[in-house]
Amino acid sequence: MHPTDIDQQLTGLAGLGDPLRRALYRQVAERGVPVSRDDAAQATGISRPLAAYHLDKLVHDGLLEARYQRRSDRRGPGAGRPAKHYVRADRQIELSLPTRDYAALAELLAGAVQADPTGAAQAALNRAAASLGAELGTEAAATLVQADPDQVLTAVRQALAARGYEPHDDPDGTIRLRNCPFDRIAAHHPQLICGANHAMLQGLTDQLDGDPPIQAVLDPQPGRCCVVLTRVVDGRAAG
């Protein structure tokens, strides 16, 4: 990594050393939708001007992006000026001192697996992913006092959050994953990585005896993980 890049990464991370700024960043990141200054201020219990100051600092550091939009769908005279909203920046910050580049190695391994004409390497990858998922599921199951549906779902969400998936519940009960921890590799090898990811998450849920059970389903969407989790009712995925 070039020294200038390291300086930029450090500058971005330094802003999160402030607890208030970190709380604002978390509010924006966890919402998954553009957040206004008013909403951010209310959520963190501070004044709007103070929230605006720190949010704009996060934009300057490359951690957030600013957008302008109206609070309602109203248009034309009387609709008011578009308000400033914030979303998490697409920029990815990875800093290792001294420099390490595990992603480059992952790219090489993914390319090698995908180049295997027999499919044996990909099958081995999926088995390894399922085994890892089973280990994670076993750890999650150990936290359950009883295997009622709510506790099982809570354990699943916690396990996913710990791995960086950023789970979010849809109104129909589907658990969608706002972040793909393997995004950089999946961008170049989507079928390979999504298949392994699916195997891992199904391995995780198979260890949790939910009633109804939880199933990992491939549902690729832009900017999200390719897998969603849903309850299975009468042999079919709910929702």
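## Core, aromatic pair and pocket in a predicted model

T205 counts as buried because its relative accessible area is 3%, under the 20% cut-off. This value, like the others in this report, comes from a predicted model. T205 belongs to helix α9. Leaving aside residues up to four places away in sequence, T205 touches I214, A216 and L229.

The chain as a whole comprises 239 residues, of which 33% count as buried. Its secondary structure consists of nine helices and eight strands. Among contacts between residues at least 6 apart in sequence, 56% join residues at least 24 apart.

### Nonpolar cores

The largest nonpolar core holds 32 residues, and the members that touch the most other members are V156, L160, L201 and L229. Two or more residues of this core come from each of α5 (102-115), α6 (120-141), α7 (149-162), β5 (175-177), α8 (183-186), α9 (190-206), β6 (214-218) and β7 (227-233). The greatest contribution is that of α9, with eight residues. A second, separate core has 13 residues, including L16, A41, L55 and L58.

The surroundings of L229 can be given in detail. With residues up to four places away in sequence not counted, L229 touches V156, L160, G173, T174, I175, T205, I214, Q215 and A216. The contact between T205 and L229 therefore involves a buried residue on the T205 side, where the relative accessible area is 3%.

### The aromatic pair and the adjoining loop

How many aromatic pairs does the count give? The count comes to one aromatic pair. Such a pair of rings is described by the distance of the centres and the angle of the planes. Y165 and F182 form the pair, with 6.4 Å centre to centre and 75° between the planes, an edge-to-face arrangement. The pair links distant parts of the chain, 17 residues apart: Y165 is in the loop between α7 and β4 (167-169), and F182 is in the loop between β5 and α8.

The two partners are assigned to separate accessibility classes. Y165 counts as buried because its relative accessibility is 1%. F182 is partly exposed because its relative accessible area is 31%, which lies between the limits of 20% and 50%.

E166 is also placed in the loop between α7 and β4. Most residues other than glycine have a negative phi. In E166, phi is near 55°, a positive value in a residue other than glycine. With a relative accessible area of 26%, E166 is partly exposed.

The accessibility values of these residues are collected below.

| Residue | Relative accessible area | Class |
|---|---|---|
| T205 | 3% | buried |
| Y165 | 1% | buried |
| F182 | 31% | partly exposed |
| E166 | 26% | partly exposed |

### The second largest pocket

Rolling a probe the size of a water molecule over the atoms shows where empty space is left. The second largest pocket contains about 380 Å³ of space. Its lining is made up of 16 residues, and those closest to the centre are A106, L125, F182, I193 and A196. F182 thus appears here as well as in the aromatic pair with Y165.

Which elements give two or more residues to the lining of this second largest pocket? They are α5, α6 and α9. Helix α9 gives the most, with five residues. By class, the lining has 14 nonpolar residues, one polar residue and one charged residue.

Helix α9 recurs in this description: it gives the most residues to the largest nonpolar core, it gives the most to the lining of the second largest pocket, and T205 lies in it.

Note on methods. Residues numbered from 1 in each chain as written. Predicted model: local features only at pLDDT ≥ 70, side-chain atom pairs only at ≥ 80, totals over all residues. Heavy atoms only, no water. Core = buried A, V, L, I, M, F, W, Y, C linked by side-chain atoms within 4.5 Å. Buried < 20%, exposed > 50% of the residue type's maximum accessible area, 1.4 Å probe, protein only. Helix = DSSP H or I, 4+ residues; strand = E, 2+ residues; numbered from the N terminus. Contact = heavy atoms within 4.5 Å. Phe/Tyr/Trp six-rings, centres within 6.5 Å; stacked < 30°, edge-to-face > 60°. 1 Å grid on protein atoms, 1.4 Å probe; cavity = no way out; pocket = protein on both sides within 12 Å on 5 of 7 lines; lining within 4 Å. Points joined across faces, edges and corners; volume = space filled by probe spheres on them. Nonpolar A, V, L, I, M, F, W, Y, C, P; charged D, E, K, R; others polar.
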